[in-house]
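Let us go through a structure together and ask of each label what earns it. The questions come in turn, each with its reasoning.

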Amino acid sequence: MNNALPAARTTPISRFGWLLADAWTIARRDLQHWRQQPGAVIVNWFFPIMIALMFGLLFGGAIAMPDGASYFEFLMPGMFAMTMFFGLEATMIAVNTDAAKGITDRFRAMPMNAAAVLLGRCVADMISSAIGLLILMVAGVLLGWRWHGPLTAALAAVGLLLLLRFAILWIGIFLGLSAKGPESVASVQILIWPVSFLSNVFVDTVTMPALLGTIAQWNPLSSTATAIRQLFVNPGWRGQAWIIDNAQLMAVVWPLILIAIFLPLSVRGYRKLGR
Amino acid sequence: MRKHYAGGTKDAGLNGFDLTVRRGSVCGLLGPNGAGKTTAIRVLATLLELDSGQAQVAGFDVTTQARQVRENIGLVGQYAAIDEIMSGRQNLIMFGRLNHLSSREADKRADALLEQFDLAEAARLPVAKYSGGMRRRLDLAVSLIVSPPVLFVDEPTTGLDPVGRREVWAAIRSRVADGTTVLLTTQYLEEADQLADRISMLKAGRVIAEGTPDELKGALGGDWLDIVLPLDTDKSVVMRIVESVASGPIQADDEANRISVPVIERTRALVTVARALADAQIEPQDLSLRRPTLDEVFIHLTSTNEPEAQLEPTL
Ligand SMILES: Nc1ncnc2c1ncn2[C@@H]1O[C@H](COP(=O)(O)OP(=O)(O)OP(=O)(O)O)[C@@H](O)[C@H]1O
Ligand SMILES: [Mg+2]
């Protein structure tokens with residue numbers, strides 16, 4: 001009854017082609033999820049806008065900027081960086097759910113390249129985050145945020161944001177594969193907020209106690225936030241520390257370090273799943 | 001094969017598991033909860049690494065030739081591994097595409113399978129809304145999108161109603177008819193009896209008995225004489241009668257009012273008991289001889305501590 005079977009699965013020439021095709025098939029799964037459950041993804045995309053409004057309007061009045069600069073213009077780049085970081089949660093939950101439900105095992109027992117599954121996850125999450133970022137930027141513009149530099153610099157800033165997201169993605173895959181179950185996922189979720197606060201996303205680190213301020217400065221999130229504030233020419237109280245002066249460099253170096261650590265760990269975790 | 005889980009008990013995992021399945025045959029792997037059935041399947045499906053020993057599937061080594069093994073196997077895991085948010089049809093199409101069917105072929109195959117597994121009506125419903133049996137059937141359908149030469153099925157009918165069970169059996173049988181080699185685990189002895197050519201009984205990560213269903217039933221030695229008694233019978237009298245013919249421990253099922261006696265010389269035992277009962281003025285409701293059920297073999301083997309010693313001479 002099954003004569004219509006795929007004959008050539010792995011002619012070497014097409015192996016890379018199949019990798020891309022399989023990755024796209026797996027990524028498309030997420031797009032289908034969005035269509036089936038539009039509520040969840042829309043909340044996900046609009047949640048950062050709510051945070052921006054909350055901090056910008058409710059707390060913003062109490063935060064005095066030097067030289068009368070606009071707090072909102074300071075805040076929005078921080079929000080962009082934070083949104084990339086928040087993607088951690090989505091990636092981790094998706095990866096962990098698939099592992100727990102046995103879908104990952106089903107993929108692993110199929111004759112496809114392991115990379116296709118991970119690449120599919122990357123593509124889906126990058127698309128989602130790019131859309132989320134776009135929505136937040138549009139909302140920011142509507143609410144009065146502007147970039148003042150050249151368009152190329154603004155695009156470079158977007159590039160840095162997506163690079164950060166890409167790095168976070170591998171942390172998410174690693175944590176999602178390592179988490180024993182929904183409980184461990186939840187405990188990581190709780191930590192996402194303090195990590196965001198312990199950065200210069202919302203306020204300048206000079207206003208923090210010395211030690212915490214230093215930690216916050218070295219937070220990869222801060223480097224990206226500072227770098228894109230510079231590129232967008234938005235206010236961003238320059239400090240004196242090396243890490244701040246070299247923010248644009250570090251906004252590239254940090255993600256690369258994270259990728260160098262977590263990409264191999266994720267691949268190993270995927271192979272060793274279930275030990 | 002040996003596999004020890006970090007943090008597992010001594011008996012957990014596989015402890016010298018050994019199995020040969022002839023090409024084109026169906027092997028049933030029977031064992032109580034925690035016997036290591038799923039562990040064995042996961043090792044053979046390249047999902048779990050062995051500590052020591054080796055295994056070949058379709059002629060390929062699971063450790064060194066994992067990719068070739070994956071090209072030759074289908075896996076239906078113990079728990080339905082399907083995407084719950086997508087519809088049944090979307091699942092089938094996705095896995096069809098991952099099996100490198102063209103988009104048209106994948107559509108066609110999805111519809112055929114939905115029809116075959118009686119899921120056509122629910123085809124466009126998200127799987128989260130499926131009943132347990134529907135999920136199981138979809139899960140099996142997914143693994144039948146293409147027909148690999150070797151199929152692993154881990155407890156395919158747990159939680160299915162009799163109709164669903166029959167459908168799953170039919171699907172597995174049709175696959176067997178196509179020449180697929182099937183390794184099936186199950187808790188239901190009837191299922192193994194129905195589907196399997198040979199059965200391996202597993203306990204604490206080791207095969208403790210192996211043979212055709214008939215051989216295993218014969219391994220208990222002889223037949224059983226079942227006596228169903230009227231409610232008010234004095235059982236002690238009956239017990240005294242049957243003790244003289246019993247070749248092993250007698251089992252009394254008080255609820256069914258039935259006494260089961262293992263016997264060796266079947267007709268003589270039957271006649272002796274019938275005559276003695278008549279002399280004692282006891283008229284049984286039923287008196288019959290039968291081969292032991294696999295359940296009895298199973299319970300016998302898995303409840304004893306040194307099962308190997310007991311079975312090997314008879315096999
Ligand atoms: N990841 C794990 N870590 C530690 N121990 C495990 C793990 N997986 C299984 N075990 C243990 O290994 C033994 C065999 O488990 P396995 O799942 O293979 O049993 P099974 O025969 O499939 O049982 P069931 O009929 O309940 O599905 C059990 O004692 C179980 O507790
Ligand atoms: Mg099991």
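Q: What makes strand E11 and strand E13 of chain B a pair, and in which sense do they run?
A: This is a predicted model, and in it 6 bridges join E11 (residues 223-228) to E13 (residues 258-263) of chain B. Pairing requires at least two bridges, so the label holds; the two strands run antiparallel. One of the bridges has B:Leu225 in E11(B) facing its partner B:Val261 in E13(B).

Q: Which sheet do these strands belong to, and why are E12 and E14 of chain B said to stand at the edges?
A: The sheet is an open one of 4 strands in chain B, ordered E12-E13-E11-E14, with antiparallel pairing. Strand E12 (251-253) and strand E14 (286-290) have a single partner strand each, so one side of each is left without a neighbour in the sheet. From one strand to the next, the twist averages 20°.

Q: How do you know which helices pack on this sheet, and what are their angles?
A: Contact means heavy atoms within 4.5 Å. Helix H9 (residues 235-243) of chain B touches E11, E12 and E13, and its direction makes about 10° with that of E13(B). Helix H10 (residues 266-279) of chain B touches E11, E13 and E14, with a direction at about 20° to that of E11(B).

Q: What makes the pairing in the sheet of 6 strands "mixed"?
A: The order is E6-E7-E8-E3-E9-E10 in chain B, and the individual pairs show both senses. Strand E3 (residues 26-30) and strand E8 (residues 181-186) run parallel, joined by 5 bridges. E3(B) and E9(B) also pair in the parallel sense, over 4 bridges. E9(B) and E10(B), however, pair in the antiparallel sense over 5 bridges. With parallel pairs beside an antiparallel one, the word "mixed" fits.

Q: Which residues stand opposite one another in these pairs?
A: B:Gly28 stands opposite B:Leu184 in E8(B), while the bridge partner of B:Leu29 is B:Ser200 in E9(B). Further along, B:Lys203 has B:Arg206 of E10(B) as its bridge partner. In the hairpin of E9(B) and E10(B), 2 residues lie between the strands, and B:Ala204 takes a positive phi near 50°.

Q: Which strands are the edges of this sheet, and what makes them so?
A: They are strand E6 (73-76) and strand E10 (206-211) of chain B, each pairing on one side only. Here the twist averages 15° from one strand to the next.

Q: Which strands does helix H1 of chain B lie across?
A: Helix H1 (residues 37-44) lies across E3, E6, strand E7 (150-154), E8 and strand E9 (198-203), running at about 150° to E8(B). Helix H5 (residues 132-143) of chain B touches E6 and E7, and its direction makes about 170° with that of E6(B).

Q: How do you know that ligand 1 has polar contacts with side chains of chain B?
A: The cut-off is 3.5 Å between N or O atoms. An oxygen atom of ligand 1 is 2.7 Å from an N or O atom in the side chain of B:Lys37. For B:Gln187 the distance from a polar side-chain atom to a ligand oxygen is 2.8 Å, and for B:Glu155 it is 3.1 Å. Each value falls within the cut-off, so each counts as a polar contact. The protein covers 65% of the 630 Å² of accessible area that ligand 1 has on its own.

Q: What kinds of residue make up the shell around ligand 1?
A: The shell divides into 4 nonpolar, 8 polar and 2 charged residues. Of the 14 residues that surround ligand 1, the closest are B:Gly34, B:Lys37, B:Thr38, B:Thr39 and B:Gln78.

How values were computed:
Residues numbered from 1 in each chain as written. Chains lettered and ligands numbered in written order. Predicted model: local features only at pLDDT ≥ 70, side-chain atom pairs only at ≥ 80, totals over all residues. Heavy atoms only, no water. Near = heavy atom within 4 Å. Polar contact = N/O pair within 3.5 Å; in protein donor to acceptor, adjacent residues only side chain to side chain. Areas by Shrake-Rupley, 256 points an atom, 1.4 Å probe, with all protein chains shown as cover. Nonpolar A, V, L, I, M, F, W, Y, C, P; charged D, E, K, R; others polar. Axes fitted to C-alpha atoms, helices over the stretch in contact; angles between N-to-C directions.
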